[in-house]
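Student: I'd like a close look at one part of this model, the place where the ligand sits. Could you walk me through it and then set it against the rest of the protein?

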Amino acid sequence: MTQKNVSLSRLNTFNLPGTAERYLALTDLRQLEGKPFLKAPELILGGGSNILLLDHVPGLTVHVCLGGIKLLSEANPADPKADKIIRVGAGVDWNQFVRYTLDQGWYGFENLILIPGTVGAAPVQNIGAYGAEVAERIEAVHVWEFGVGARILSPDECEFGYRDSRFKREPGRFLITAVDLRLNGRHELKTGYGAIQSELARLNVEDPTPNDVALAVTNIRRSKLPDWKFLGNSGSFFKNPVVPISDFQRLRAEYDQIPSYPIDETQVKLPAGWLIDQAGLKGARSGPVGTYDKQALVMVNHGGATGREILTFSEHVKAEVLAKFGVTLEREVRLIGE
Ligand SMILES: Cc1cc2nc3c(=O)[nH]c(=O)nc-3n(C[C@H](O)[C@H](O)[C@H](O)COP(=O)(O)OP(=O)(O)OC[C@H]3O[C@@H](n4cnc5c(N)ncnc54)[C@H](O)[C@@H]3O)c2cc1C
């Protein structure tokens with residue numbers, strides 16, 4: 001049932017004002033068979049943790065609330081440590097899902113614990129953290145293609161990249177209804193990130209389990225990222241820029257402390273938070289908007305900000321980084337209501 005003029009202020013983690021002209025909570029796949037879904041709605045909304053609401057959203061907003069977690073298959077049902085394929089409804093909360101998998105002894109998402117949002121949005125920007133990405137474990141994505149109907153896309157058809165996929169590049173073409181994910185019964189831990197190693201050492205863990213890694217990541221995230229319920233934010237506002245190696249060498253000659261992550265022989269990824277920090281903008285503030293004082297990559301709403309104020313401030317940050325380093329930052333969040 002569609003509702004009119006529904007406030008979205010509690011449905012986005014920046015806590016920004018905004019209203020949907022028409023709003024529908026999608027709880028059942030059969031709702032998609034109705035006439036409104038011959039064409040795409042104005043906004044497909046999950047947890048609202050990767051959007052910047054600029055204004056009133058005209059037309060229809062579909063809030064994806066499809067639930068369900070189902071064990072589809074096991075490589076060897078007699079072996080509790082065999083791989084499992086799990087089908088998860090798009091509206092399931094990502095962090096709750098990760099906690100559920102750990103409770104079941106299904107491993108692989110411990111590095112991605114505490115990321116806000118829904119399972120259905122996870123493939124959109126191929127969520128990632130601490131050396132892991134969701135795409136590594138996606139078996140299939142179930143979608144509703146507007147004007148076409150239900151389809152199942154293979155990982156190749158999703159065209160995943162760094163914080164990227166065709167869902168991000170073709171907004172409005174697909175609504176993700178469920179995701180099939182592969183999890184392990186045996187540990188295959190990713191503890192290469194320095195922060196994880198330091199936290200495990202601090203916890204006196206020598207031979208970590210997936211639950212230890214999940215605890216380490218939880219502790220790191222809690223110490224670095226603000227809780228959006230108290231300080232509105234969308235996590236990383238910009239992507240980490242990937243630059244040609246020649247640009248990196250030029251920068252390193254001037255800033256010998258610059259951190260970097262090699263992508264391949266020709267490209268290097270730079271931490272956007274470091275660039276913003278070095279541009280003197282960590283903890284900077286303009287009225288109700290600013291960067292977080294513990295992580296410059298996070299834009300925060302100190303209270304009462306509008307989406308346009310956040311956008312304007314982010315453009316200032318982008319311009320300062322470009323002027324100092326010659327590096328262009330690209331937004332990770334999607335602007336809504338532009
Ligand atoms: C504190 C904080 C920390 C974060 N940390 C990380 C991190 O470590 N790594 C990371 O990758 N991200 C991180 N994020 C960003 C965000 O959590 C993820 O991008 C998340 O997947 C967004 O999910 P959502 O349900 O909130 O999506 P929304 O914000 O509701 O939507 C995001 C985009 O996906 C589209 N979309 C949503 N659901 C669907 C669907 N079912 N079908 C089709 N399109 C859909 C929307 O139209 C929109 O374009 C963080 C955010 C916050 C607030």
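**The ligand site and its surroundings**

Tutor: Happy to. Let's start with threonine 118: one of its polar side-chain atoms is 2.7 Å from an oxygen atom of the ligand. Keep in mind that this is a predicted model, so the distances are computed from predicted coordinates. Serine 49 also offers a polar side-chain atom, 2.6 Å from a ligand oxygen. With glycine 48 the partner belongs to the backbone: a polar atom there lies 2.9 Å from an oxygen atom of the ligand.

Now for how well the ligand is covered. On its own it would expose 980 Å², and the protein buries 94% of that area. The shell around the ligand takes two or more residues from each of β3, β8 (128–129), β12 (174–183) and β13 (232–236). In total, 30 residues surround the ligand, and those that come nearest are Ile44, Gly47, Ser49, Asn50 and Thr118.

From there we can turn to the nonpolar interior. The largest nonpolar core holds 45 residues, and Leu52, Phe238, Leu270, Leu275, Ile276 and Ile310 have the most contacts inside it. Several elements contribute two or more residues to this core, including β2 (19–26), β3 (43–45), α7 (272–278) and α8 (307–325). You will recognise β3 from the ligand shell. The largest share of the core, six residues, is supplied by α8. Domain 1 (3–64) and domain 3 (232–336) each give this core at least three residues.

Leucine 270 is a good residue to zoom in on. Leaving aside residues up to four places away in sequence, leucine 270 touches Asn240, Pro241, Val243, Phe248, Leu251, Ile258, Pro259, Ser260, Leu275 and Val327. Apart from this core lies another, of 39 residues, with Val88, Ala122, Leu153 and Phe174 among them. As a general point, nonpolar side chains in soluble globular proteins tend to be buried together.

A last stop is a polar residue, serine 165. You will find serine 165 in the loop between α2 (155–158) and α3 (166–169). Is serine 165 buried or exposed? Its relative accessible area is 0%, so serine 165 counts as buried, the cut-off being under 20%. The side chain of serine 165 does have a polar partner, the backbone oxygen of valine 124, at 2.6 Å. Setting aside residues up to four places away in sequence, serine 165 is in contact with Pro123, Val124, Cys158, Glu159 and Phe160. Valine 124 thus appears both in that contact list and as the polar partner.

How values were computed. Residues numbered from 1 in each chain as written. Predicted model: local features only at pLDDT ≥ 70, side-chain atom pairs only at ≥ 80, totals over all residues. Heavy atoms only, no water. Helix = DSSP H or I, 4+ residues; strand = E, 2+ residues; numbered from the N terminus. Buried < 20%, exposed > 50% of the residue type's maximum accessible area, 1.4 Å probe, protein only. Polar contact = N/O pair within 3.5 Å; in protein donor to acceptor, adjacent residues only side chain to side chain. Contact = heavy atoms within 4.5 Å. Core = buried A, V, L, I, M, F, W, Y, C linked by side-chain atoms within 4.5 Å. Domains from an automatic or database assignment. Near = heavy atom within 4 Å. Areas by Shrake-Rupley, 256 points an atom, 1.4 Å probe, with all protein chains shown as cover.
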